[in-house]
Amino acid sequence: MGKTRTKLVEVEEKELDQKSKDRKEAKKISVNMGRFYIKAHQNNTLISFTDNVGNVFLQASSGAAGFKNTKKGTPYAGAKAMEMLISKLNNFDIKEVKVFVKGIGPGREPSIRALFNSNINIIAMEDRTPL
């Protein structure tokens, strides 16, 4: 075997510092009144975060959390979907939140529990499940 040929690549430190500073200085979006919509179906749990007008900022589901097929309809998948959405909320300055729940699926209660365990101020909770 012969010698291994390698090249040394020099990168300027200034360019790397500027890129890392740009990432760190992300602006926080201020939301006075936010809304969580939890749709708990038999096969999946869909969660969205909106402002008071109804503009959707973030959304998550059990499928987006990495679960497939029948595992999307489990309570654990519903809790993980809510935890994934809460972890995305770092760029938001949220003061108060209302929660609207719809459906009778198994991911309903664990997703609400995961929201209560976070440090978000919940002022109202409403069940919109049709009879």
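Me: What makes a residue count as buried, and how many of the 131 residues in the protein chain do so?

Reply: In this predicted model, buried residues make up 34% of the 131 residues in the protein chain. A residue earns that word when its relative accessible area is under 20%.

Me: What is the order of helices and strands along the chain?

Reply: Reading along the sequence, you meet α-β-β-β-α-β-α-β. That pattern holds 3 helices and 5 strands.

Me: Why is the sheet's pairing called mixed?

Reply: Look at two pairs of strands. β2 and β3 run antiparallel and are joined by 5 bridges, while β4 (residues 92-102) and β5 run parallel, also with 5 bridges. Two strands count as paired from at least two bridges, so both pairs qualify. With both directions present, the pairing of the 5 strands is mixed.

Me: What makes β3 and β5 edge strands?

Reply: The order in the open sheet is β3-β2-β1-β4-β5. β3 (56-61) and β5 (122-127) each pair on one side only, and that makes them the edge strands. Neighbouring strands of this sheet are turned by 20 degrees against each other on average, direction ignored.

Me: Which residues stand opposite each other in these pairs?

Reply: Valine 99 faces methionine 125 in β5. Phenylalanine 49 has leucine 58 in β3 as its bridge partner. β2 and β3 also form a hairpin, with 4 residues between them. In its turn, glycine 54 has a positive phi of about 120 degrees.

Me: How do you know that helix α2 touches the sheet, and which strands does this helix meet?

Reply: Contact requires heavy atoms within 4.5 Å. Helix α2 (residues 75-88) packs on the sheet, touching β1 (29-40), β2 (45-51), β3 and β4. Its direction makes about 150 degrees with that of β3.

Me: Where does helix α3 lie, and at what angle to β5 does this helix run?

Reply: Helix α3 (residues 108-117) lies across β1, β2, β4 and β5. The angle to β5 is about 170 degrees. Angles between N-to-C directions run from 0 to 180 degrees, so helix α3 and β5 point in nearly opposite directions.

Me: What lines the largest pocket, and how many of its residues are nonpolar, polar or charged?

Reply: About 160 Å³ of space lies in this pocket. Its lining is Ile86, Leu89, Asn90, Ile94, Lys95, Ser118, Asn119, Ile120 and Asn121. They divide into 4 nonpolar, 4 polar and 1 charged. Lys counts as charged, so Lys95 is the charged one here.

Conventions: Residues are numbered from 1 along each chain as its sequence is written. This is a predicted model: local features need pLDDT of at least 70, side-chain atom pairs count only at pLDDT 80 or more; totals for chains, interfaces and linings use all residues. Side-chain values use heavy atoms; hydrogens and water are left out. On a 1 Å grid over the protein atoms alone, a cavity is a set of points where a 1.4 Å probe fits but cannot get out, and a pocket is an open set with protein on both sides within 12 Å along at least five of seven lines; lining residues have an atom within 4 Å of a point. Grid points are joined across faces, edges and corners, and a volume is the space filled by probe spheres set on the points. Buried means under 20% relative accessible area, exposed over 50%, partly exposed in between (1.4 Å probe, protein chains only).
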